[in-house]
Every structure is written in C-alpha cells, then in structure tokens.
Amino acid sequence: MRDVPKLEAPRVTVARVPTDAPESDGTLQWDATTIVLVEIDGGGQTGLGYSYGSPATGTYIRETLADAVTGLSAMDIPAAHRAMQHALRNDGRAGIASMALSAVDNALWDLKARLLDLSVAQLLGQAQDSVALYGSGGFTSYDDDRLARQLGGWADDGFAFVKMKVGRDPARDPERLRVACEAIGDGCELFVDANGAFTRKQALLMAEIFARCDVRWFEEPVSSDDLAGLHLLRDRAPPGMAITAGEYGYDPWYFRRMLEAGAVDVLQADATRCGGVTGFLKAARLAEAFQVPISAHCAPALHLHVCAALPDAQHIEWFHDHVRIEHLLFEGAPDPVQGRAEPDLSRRGFGLEMKPQEVARHAL
C-alpha cells in the first residue's frame, strides 16, 4: 500500500499591497489591501491558499490552526476541515477565525490537486469551460473621469456586466450613474453596491432612481444582517433588479438563514471567508436547493476553478484590487477574454505560483 502523504505545518506570509489610488464605498475607506498567504507541504508537493483580511488572520493560523492539521492525511480534506472547526470552537466561528480556516482549506485543495496532477477544476469535476466575470470597482472616491474610464474600459473589453459603489453621498449617485451609463453604452449591464449604507426606506427610493438607468443588480442595499430589510427590498424592487448579498457569510448556517428568509435573488459567497472551497461548495448546494443562483465575491483567481465546477455559478466578481494583487504576487493569474475567464488546465492546483521577490517586497 502506498504511504498516505501527511500534512506538514502550514507556513504563513502576510502581505500588504497599497491601492493605486484612495478607495471608498458606502461605508468604508481604505488605501491598502492585506492578503494572507498559506503554503502547506505534503507528499513532496506544496499547496497554496489565501484569504484577504487582517494580519491577525495569519497569527490565528500559526497559533491555533497549524497544530490541528499537522500530521493529517493530505488526501482527507474533510478531516482537516473538521479538525480546524474543533480547534476554533471557543474563539467563535465568524470573522478572523473563519478567514484563517478558509486560507488553510484553500491550500489543502490546491495541494490535493497537485498530488493528483490535476487542476482544482478537474479535481472538483469541471462543468463549465469558462465563467462569466463582472468588472467591479467604480469606487465612490473616484472622480467622474476615472469612473467612466474604468467601467467603460471593461465594457470595451467585452464585459457584459460592470459594478460601481454607491451610498457614500446619495445626492451624487444619480449623476454618477448617468456618467457610468454613458461610459458603458447599451451592451453592458450596470450593477450597484451600497455595502449596507442605506436604511430600508432610503434603499427603496434609491432602487427607483437606479431603475431609471436600468440597474439590474442592487447589492447590500441595507445591512446584510437585516434579512427582513433585504426581503422587503426583494419584494418591492423594480422588475428585473436583483437584490443580492452574502459576502459576509462565514458558515452554512448563515447562508441557510438568508435563503430561508427569502432575502436575496442571488447568493454571493466568498471562499476566502466562508470556509474555503469546502465552505463555498456547501453554500452552492444550499443555493441550488432554494433555486437561487450563486455568484463568487472577489478573489477571482481562486474562485475561477470552483465556479468552473458548478454548472449554475452565475459569475465571478473581477474586483479591481484583487485582480491587481493576484497578478502582482502570482504567476498564472487568469486574464479575461471578452468578459470571461477559463481555468488553465495545463497548470496544477489553482495554477498559481508565488513570485518570491514581489511577495517579500510587500510582506509585513
């Protein structure tokens, strides 16, 4: 019998990459993005996974999760996932603990695929040759010229959907939408994301205003914790406008509550937060059971392989910051072609290799 490859202790690197300009949305401002990178060895191969979040995420992996997975079978991801869940029990599942678990889980899937000489898409069972993307940026900190250039550039490149941020200055949003609509033309749908900036009544009013620009996607019009408010918006939004949320889901129970409440037309999940690839697949199965489409939030290089294995995955968020970081720090990050991306099946795992010099340059 062949020896089963065992997991060695994860290695963690935290890197902070400045944005190319100040950025803000309806409820937050930032000038850098932090990525937590995990490498885990087993059977002569190295798996690479990551999450986006506080540097404390890396500390939590080193101090709590590393011992939980070290020595386990590299082929038995469910066992490693359960071991991490048990290890974090007293610290609370949501937030940093779940982002830490997600980064390690993603590395485990990358490692298993490499051990089997497969891409992650092939390991999961590829169902789509390529996956649609939506360009995402349009920050409230942008002036009208930059807003138009960014969204219009994606439309010119063949993207069928683009998204902009709203809600920081609601009085300015109608004019910003006019600029965006003019820039993208008629062949591209406009999405908006309020990041929970509005009250219920404000959101209802803004939905009517956004409908004048044929907005098809209203993300987090109210807080994603306000399931009754999301349900209200879903019931009363103009025809053709999807109400969406879910990026702050850290476990399957969150997604189940959201779906049972009838809160969303499209469920958004994020494998860097919801328990890695393992958690994303659970969210996708729940969405399917409720006949709600699923869309991947951010981290496009990671989500591409997962969504390629889901026949009903709607699209992936081609988020400006994460696209920059993934191309800066990794060899093999995907490039879009006419608003779609396809996994490179000639590369194992997620197809990513770290660029040591760039990672070291931005490491904390």
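## Arginine 273 and its surroundings

Let's start in the loop that runs between strand E9 (266-269) and H10, where arginine 273 is found. Keep in mind that this is a predicted model. Despite being a charged residue, arginine 273 counts as buried, at 16% relative accessibility; the cut-off for that label is under 20%.

What does arginine 273 touch, leaving out residues up to four places away in sequence? Its contacts are Ser98, Met99, Ser102, Glu247, Tyr248, Gly249, Tyr250 and His297. There is also a long jump in sequence here: leucine 101 is 172 residues away from arginine 273 along the chain, yet the two C-alpha atoms are 8.2 Å apart in space.

## How H9 meets H10

Now for a pair of helices. H9 covers residues 252-260 and H10 covers residues 276-289, and their axes come within 9 Å, crossing at roughly 20°. Angles under 35 degrees count as roughly parallel, and H9 and H10 are therefore roughly parallel to each other. As for handedness, H9 passes H10 in a right-handed crossing.

On the H9 side, the contact is made by Pro252, Phe255, Arg256 and Leu259, while H10 brings Lys282, Ala283, Leu286 and Ala287. Sorted by class, that contact of H9 with H10 has six nonpolar residues, two charged ones and no polar ones. If you look at the numbering of the contact residues, a general point about helices helps: an α-helix has 3.6 residues a turn, so residues three or four places apart point the same way.

## The nonpolar cores

The largest nonpolar core has 114 residues, and the members that touch the most others are Tyr50, Phe210 and Phe280. Which helix gives the most to this core? That would be H3 (residues 96-115), with 10 residues. A second core, separate from that one, has seven residues, including Tyr134, Phe191, Trp217 and Ala242. As a general background, nonpolar side chains tend to be buried together in soluble globular proteins.

Phenylalanine 210 is worth a look of its own. Setting aside residues up to four places away in sequence, phenylalanine 210 touches Val166, Leu177, Val192, Phe198, Val215, Phe218 and Met241, and also Asp173.

## From H10 to H11: two positive phi values

Follow the chain on past H10 and you get to glutamine 291, in the loop between H10 and strand E10 (294-296). Its phi is near 55°, a positive value in a residue other than glycine. Glutamine 291 is exposed, with a relative accessible area of 75%.

Alanine 299 also has a positive phi, about 40°, although it is not a glycine. This one lies in the loop between E10 and H11. Is alanine 299 buried or exposed? It is buried, with a relative accessible area of 0%.

Then comes helix H11 (residues 300-308), which is mostly covered, with nine of its nine residues buried. Those buried residues are Pro300, Ala301, Leu302, His303, Leu304, His305, Val306, Cys307 and Ala308.

## Aspartate 344

Last stop: aspartate 344, in the loop between strand E13 (340-341) and strand E14 (353-354). With a relative accessible area of 39%, aspartate 344 is partly exposed. Aspartate 344 and alanine 121 are 223 residues apart along the chain, but 9.2 Å separates their C-alpha atoms.

Technical notes: Residues are numbered from 1 along each chain as its sequence is written. This is a predicted model: local features need pLDDT of at least 70, side-chain atom pairs count only at pLDDT 80 or more; totals for chains, interfaces and linings use all residues. Side-chain values use heavy atoms; hydrogens and water are left out. Axes are lines fitted to C-alpha atoms, for helices over the stretch in contact, and angles run from 0 to 180 degrees between N-to-C directions. Helices (H or I, at least four residues) and strands (E, at least two) are DSSP runs, numbered from the N terminus. Angles under 35 degrees count as roughly parallel, over 145 as roughly antiparallel, 65 to 115 as roughly perpendicular and the rest as oblique. A crossing is left-handed if the near helix is turned anticlockwise from the far one by less than a right angle, and right-handed if clockwise. Contact means heavy atoms within 4.5 Å. A nonpolar core is a set of buried Ala, Val, Leu, Ile, Met, Phe, Trp, Tyr and Cys residues joined through side-chain atoms within 4.5 Å. Buried means under 20% relative accessible area, exposed over 50%, partly exposed in between (1.4 Å probe, protein chains only).
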